[in-house]
Amino acid sequence: MEDLRSNGVELYWLPLGAGGHSVRLNGRVYEGVAARAQGRPACDLYHSALVVCVPEGRFVVEQAPVRDGNGFARGVVVEGSVGSRWVGRFRIFRYEVRRWRDGVIPDIGEAVDSPRLLTGDAALGRRLLDLVPAVPPLVWGRDECAAGEMWNSNSLISWLLTCSGLDVESVRVPTGGRAPGWQAGIVVARRLRRAA
């Protein structure tokens, strides 16, 4: 499955909580409540990640919980808090953004309708990789920028696609699914571009 062409950016849709029961259960509860409040059927929830290949190497770009103090080995370039800035002092309430050379997506075997080639342009791939350390370290699960939905791993990916100039509007979640936070990344990136 992880068979990227020589240059390009590929998107993977991973079921929320793949490889773990707690996140999956919490995601189902969250989606059930959100669906009921919005008067719609519940959807499958997805988390997104990228594999970027450029002549300099192959990189995984993903947001995940902080595992340990050895983030350098996983290509960690940004960390942020989960839930609130105050609790972010504790590792269990922190996330990391990885730009991991020769890295792995642990639950890639469960990816749905993936990979999706977004571009075969090495220059766009490089631009995207250069932007990863600049992603805002907003609090996961909060809407600090009044973007209309919470910031999370999907926000990171859509922010990167928008800022790098890739066609984020053409990206579709697998049928019957939803990617909470996707629009937040687009909104925050477009505001940044307008301000610049």
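**Figure 1. The whole chain has four helices and seven strands.** This is a predicted model, so treat each view below as a prediction. Starting at the N terminus, the elements follow the order β-α-β-β-β-β-β-α-α-β-α. The protein has 196 residues, and 49% of them are buried. Now look at who touches whom: among contacts with a separation of 6 or more, 76% link residues that sit 24 or more positions apart. The close-ups that follow take up some helices, a few loops and one cis peptide bond.

**Figure 2. Helix α3 is mostly covered.** How many of its twelve residues are buried? The count is twelve of twelve. If you'd like to tick them off, they are S153, N154, S155, L156, I157, S158, W159, L160, L161, T162, C163 and S164. From its first C-alpha to its last, α3 reaches 17 Å, close to the 16 Å expected at 1.5 Å a residue. While you are looking at a helix, here's a handy rule: an α-helix has 3.6 residues a turn, so residues three or four places apart point the same way.

**Figure 3. Helix α2 crosses α3 at roughly 125°.** Find α2 at residues 122-131, then follow its axis to where it comes within 9 Å of the axis of α3. Because of that angle, α2 counts as oblique to α3. The crossing is right-handed. On the α2 side, the contact is made by L124, R127, L128 and L131, while α3 brings in W159, L160, L161, C163 and S164. Sorted by class, the residues where α2 meets α3 come to seven nonpolar, one polar and one charged.

**Figure 4. Helices α3 and α4 cross at roughly 40°.** The two axes come within 7 Å of each other, and this crossing is right-handed. From α3, the residues that make the contact are N154, S155, I157, S158, W159, L161, T162 and C163. From α4, they are W182, A184, G185, I186, V188, A189, R190, L192 and R193. What classes do the residues of this contact divide into? Between α3 and α4 there are ten nonpolar, five polar and two charged residues.

**Figure 5. Helix α4 packs its buried residues against two strands and a helix.** This helix covers residues 182-195, which is 14 residues in total. Its reach, first C-alpha to last, is 21 Å, close to the 20 Å expected at 1.5 Å a residue. Which residues of α4 are buried? They are W182, A184, G185, I186, V188 and A189. Their packing partners are β1 (8-15), β2 (44-54) and α3 (153-164).

**Figure 6. C163 is a buried residue of helix α3.** Buried or exposed is decided by a cut-off here: C163 has a relative accessible area of 16%, so it is buried, as buried means under 20%. Setting aside neighbours within four places in sequence, C163 is in contact with L131, A189, L192 and R193. Next, pick out R127, which is 36 residues away from C163 along the chain. The C-alpha atoms of these two residues are separated by 8.9 Å.

**Figure 7. The loop between β5 and β6 holds both D102 and G103.** Is D102 buried or exposed? With 55% relative accessibility, D102 counts as exposed. Its phi is near 55°, a positive value in a residue other than glycine. G103 has a relative accessibility of 2%, so G103 counts as buried. Where else in the sequence should you look from G103? Try R58: the two are 45 residues apart in sequence, yet 7.9 Å apart in space, C-alpha to C-alpha.

**Figure 8. A146 has a positive phi.** You'll find A146 in the loop between α2 and α3. Its phi is near 50°, and A146 is a residue other than glycine. Because its relative accessibility is 57%, A146 counts as exposed.

**Figure 9. The peptide bond from S114 to P115 is cis.** Check the omega angle of this bond, which is near 0°. P115 itself lies in strand β6, and that strand covers residues 112-119.

Key
Residues are numbered from 1 along each chain as its sequence is written. This is a predicted model: local features need pLDDT of at least 70, side-chain atom pairs count only at pLDDT 80 or more; totals for chains, interfaces and linings use all residues. Side-chain values use heavy atoms; hydrogens and water are left out. The expected span of a helix is 1.5 Å times one less than its number of residues. Buried means under 20% relative accessible area, exposed over 50%, partly exposed in between (1.4 Å probe, protein chains only). Contact means heavy atoms within 4.5 Å. Axes are lines fitted to C-alpha atoms, for helices over the stretch in contact, and angles run from 0 to 180 degrees between N-to-C directions. Angles under 35 degrees count as roughly parallel, over 145 as roughly antiparallel, 65 to 115 as roughly perpendicular and the rest as oblique. A crossing is left-handed if the near helix is turned anticlockwise from the far one by less than a right angle, and right-handed if clockwise. Ala, Val, Leu, Ile, Met, Phe, Trp, Tyr, Cys and Pro count as nonpolar, Asp, Glu, Lys and Arg as charged, and the others, Gly among them, as polar.
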